[in-house]
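Visitor: Hi! Please put the model up, and let's talk it through.

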Amino acid sequence: MREIAIHINPEYKRRVMSQSYVIVGDGIAGASAAETLREEEPDADITIITDEGEPLYNRILIKEFAKGKLPEAPISIHDESWYDDRDVDLELNTLVTDIDPEGHTITAHDGTEYDYDKLLLAIGGTPTQLPVENSDAEGIHHFWTFQDARDIKEHIEGADNSVVIGAGLLGIDLAAITAAQEVEGKYLMRGKAWWRYALSEEGAEIIHEALRERNVEPVFDSGVDHFEVDDDDRVTTAVDPNGDRYDADFVGIAIGLNFNTEILGGTDIEYDNGIYTDEFMRTNHDDIFAAGDITEFHDLILGDRAQNGAWGSAKEQGTIAAKNMVDYGSEEFRWVSSYSITHFDFPFLSFGHPTLGDDHVEAKYSDTEWRRLAIKDGKIVGGVLIGDLSPQTKYKKLMREQVDVSGQKEILVKQDFQLDDLEGAAAEQ
Amino acid sequence: MSSKDGQSPSSPAVTAPPTVAPVTDVPPGARVHHFDELSERTQHALATASPAGRLDIDTTTSRLSRGDIVVFTDYVRVQ
Ligand SMILES: Cc1cc2nc3c(=O)[nH]c(=O)nc-3n(C[C@H](O)[C@H](O)[C@H](O)COP(=O)(O)OP(=O)(O)OC[C@H]3O[C@@H](n4cnc5c(N)ncnc54)[C@H](O)[C@@H]3O)c2cc1C
């Protein structure tokens with residue numbers, strides 16, 4: 001029998017045949033991408049794959065659950081009907097293990113292959129394990145998933161004393177959980193201040209004092225050398241590098257994230273700490289995009305590669321990635337990220353990249369009010385506000401518009417700073 | 001707006017500007033947001049109004065609705 005070859009213009013084919021989109025990761029980045037893709041392409045095939053056992057939940061509220069302040073129900077964002085209603089295939093408990101960019105397929109742990117026209121990697125990170133003796137003992141917790149929060153809650157409710165390690169934004173959540181559950185604790189920090197790369201000792205002291213008031217004692221120039229365990233392999237004591245011993249039947253560790261890049265091994269997708277993307281969230285492969293915590297994206301504001309670790313940024317990247325998967329170049333990611341702490345009587349907000357910069361300016365206004373701005377090449381690149389969040393919008397505007405504030409940094413930290421306090425070009429913004 | 005509030009859509013309380021008030025318990029079925037989910041504009045309004053006061057947002061465009069709880073330095077309820 002004679003076969004007739006029909007040649008279809010690929011662009012025509014692209015438009016008339018429904019596209020197939022596969023998203024790996026059902027966190028806020030992956031889920032917001034699925035929502036946008038469905039809005040933009042009503043007929044497309046959309047599949048979202050996650051190794052977790054439950055659909056999207058509010059990762060930034062699980063700390064409130066672990067504190068015992070919120071029940072489970074409001075933490076769930078999507079139930080399975082959300083996906084059915086939008087004709088999105090949801091694959092739970094499915095770990096993607098391989099990507100074949102040339103063949104346009106990915107493979108899951110059970111051997112199932114998924115074909116895609118466009119792929120989105122929204123795969124986030126996994127908490128880093130502390131490389132010390134007995135760090136896998138019973139009673140030692142890391143904190144990323146809802147299941148982690150359930151385990152933490154169950155354990156802390158019956159605990160007598162605690163140790164928290166990791167002087168950053170996730171460590172303080174663990175410390176706040178021990179405080180809310182009224183378990184006295186020690187918070188072991190390597191330097192002399194909490195989040196020492198973003199706050200000075202003066203600023204951090206406001207946080208230290210709030211912790212002390214809640215029966216959590218910061219311990220400086222410390223850390224963990226090893227843990228001691230009982231006969232049942234349960235943690236009993238943290239021993240720091242100075243040989244000081246801290247008894248604890250609950251330990252929380254938050255020393256950073258390892259980004260989930262293992263599945264890129266064997267591909268030529270470019271990555272380092274995270275996956276490299278341009279400002280349209282596209283990788284070096286035309287049909288592969290990335291969004292959320294996993295990306296090292298081209299930051300148009302910084303003029304450099306950057307990585308964000310915040311809910312709002314991950315959500316926006318998911319939306320932007322989806323738009324560019326449908327129509328590449330249609331919308332760029334231009335965003336000043338922010339992250340707040342709500343555990344204390346005073347508010348705390350960090351924005352942009354507060355740990356970067358070649359210069360900074362800071363001021364303290366009261367026992368609970370302090371500000372620091374990080375400056376690079378004369379421009380604001382990030383900051384931390386404690387106590388009064390009202391200048392957030394002004395500082396973010398200056399950062400977004402890359403206003404040169406050289407020579408005027410003291411004006412920026414006047415307590416009632418207004419944009420038109422700045423002279424010259426900056427004041428016209 | 002919602003039956004959670006026990007008010008009909010035409011009741012004066014609904015057309016009045018929204019306010020926030022601190023709460024200690026989260027009513028079953030309430031929608032809960034973390035402060036970081038809100039837009040910069042809504043964050044500013046909420047930080048200004050908290051823990052109790054008039055919330056300067058447009059409820060037709062903001063993602064906050066009456067009855068919602070926001071986790072800030074206190075838990076506050078939009079009403
Ligand atoms: C306890 C805690 C508190 C936080 N508090 C705040 C806060 O107050 N404010 C704020 O702005 N941010 C906060 N964050 C950070 C914020 O939650 C993250 O920045 C955001 O959720 C990142 O979203 P994402 O979708 O990029 O990644 P994730 O939410 O990590 O989602 C990635 C998903 O991909 C899945 N996955 C990974 N690899 C694979 C694979 N190979 N196959 C299948 N599935 C895979 C993962 O299991 C995960 O479900 C907090 C984070 C935590 C853990």
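**A serine, a helix and a ligand**

Guide: Let's start with a polar contact (N or O atoms within 3.5 Å; within protein, one able to donate a hydrogen and the other to accept it, with sequence neighbours counted only if both atoms are side-chain atoms): a polar side-chain atom of A:Ser32 sits 3.0 Å from the backbone oxygen of A:Lys315. This is a predicted model, in which local features need pLDDT of at least 70 and side-chain atom pairs pLDDT 80 or more, while totals for chains, interfaces and linings use all residues. Side-chain values use heavy atoms, without hydrogens or water, residues are numbered from 1 along each chain as written, and chains are lettered from A and ligands numbered from 1 in the order written.

Visitor: Is A:Ser32 buried or exposed?

Guide: A:Ser32 counts as buried, because its relative accessibility is 5%. Buried means under 20% relative accessible area, exposed over 50% and partly exposed in between, with a 1.4 Å probe and protein chains only.

Visitor: And what is A:Ser32 in contact with, leaving aside neighbours within four places in sequence?

Guide: A:Ala314, A:Lys315, A:Gly318 and A:Thr319. Contact here is heavy atoms within 4.5 Å.

Visitor: What about the partner, A:Lys315: which helix is it found in?

Guide: A:Lys315 is in helix α8 of chain A. Helices (H or I, at least four residues) and strands (E, at least two) are DSSP runs numbered from the N terminus. A:Lys315 is partly exposed, at 31% relative accessible area. Apart from neighbours within four places in sequence, A:Lys315 is in contact with A:Ile28, A:Ser32 and B:Arg63.

Visitor: Back to A:Ser32. Which helix holds it?

Guide: That's α2 of chain A. Helix α2(A) runs over residues 28–40, 13 in total, and its first and last C-alpha atoms are 18 Å apart, close to the expected 18 Å. The expected span is 1.5 Å times one less than the number of residues.

Visitor: How many residues of α2(A) are buried?

Guide: 10 of the 13, so α2(A) is mostly covered. Among the buried ones are A:Ile28, A:Gly30, A:Thr36 and A:Arg38. The cover includes β1 (20–24), β2 (45–49), α4 (80–85), β7 (118–121) and α8 (311–326) of chain A.

Visitor: New topic, the ligand. Which residues come nearest?

Guide: Of the 33 around the ligand, A:Asp51, A:Glu52, A:Arg59, A:Asp293 and B:Asp36 come nearest. A residue is near if one of its heavy atoms lies within 4 Å. Both chains A and B surround the ligand, so the site is shared between chains.

Visitor: What polar partners do the ligand oxygens have, with distances?

Guide: A side-chain N or O atom of A:Asp51 is 2.5 Å from a ligand oxygen. For A:Lys63, a polar side-chain atom lies 2.8 Å from an oxygen of the ligand. A:Trp311 uses a polar backbone atom, 2.9 Å from a ligand oxygen. The protein covers 96% of the 1000 Å² of accessible area that the ligand has on its own. Accessible areas are Shrake-Rupley values with a 1.4 Å probe, and for residues just the protein chains shown count as cover.

Visitor: Which element gives the most to the shell around the ligand?

Guide: β22(A), with three residues. In chain A, α2, α6 (169–180), α8 and β22 (338–341) each supply at least two. The shell divides into 15 nonpolar, 11 polar and seven charged residues. Nonpolar covers Ala, Val, Leu, Ile, Met, Phe, Trp, Tyr, Cys and Pro, charged covers Asp, Glu, Lys and Arg, and polar is the rest, Gly among them.

Visitor: What is the secondary structure of chain B?

Guide: Two helices and five strands, running α-β-β-α-β-β-β from the N terminus. Chain B has 79 residues, 49% of them buried.

Visitor: Where is the cis peptide bond in chain B?

Guide: Between B:Ser50 and B:Pro51, with omega near 0°. B:Pro51 sits in the loop between α2 and β3 (53–54) of chain B.

Visitor: Last one: what is phi of A:Gln402?

Guide: Near 50°, a positive value in a residue other than glycine. A:Gln402 is in the loop between α9 and α10 of chain A, and is partly exposed at 31% relative accessible area. A:Asp377 also has a positive phi, of about 50°. A:Asp377 lies in the loop between β25 and β26 of chain A and is exposed, at 56%.
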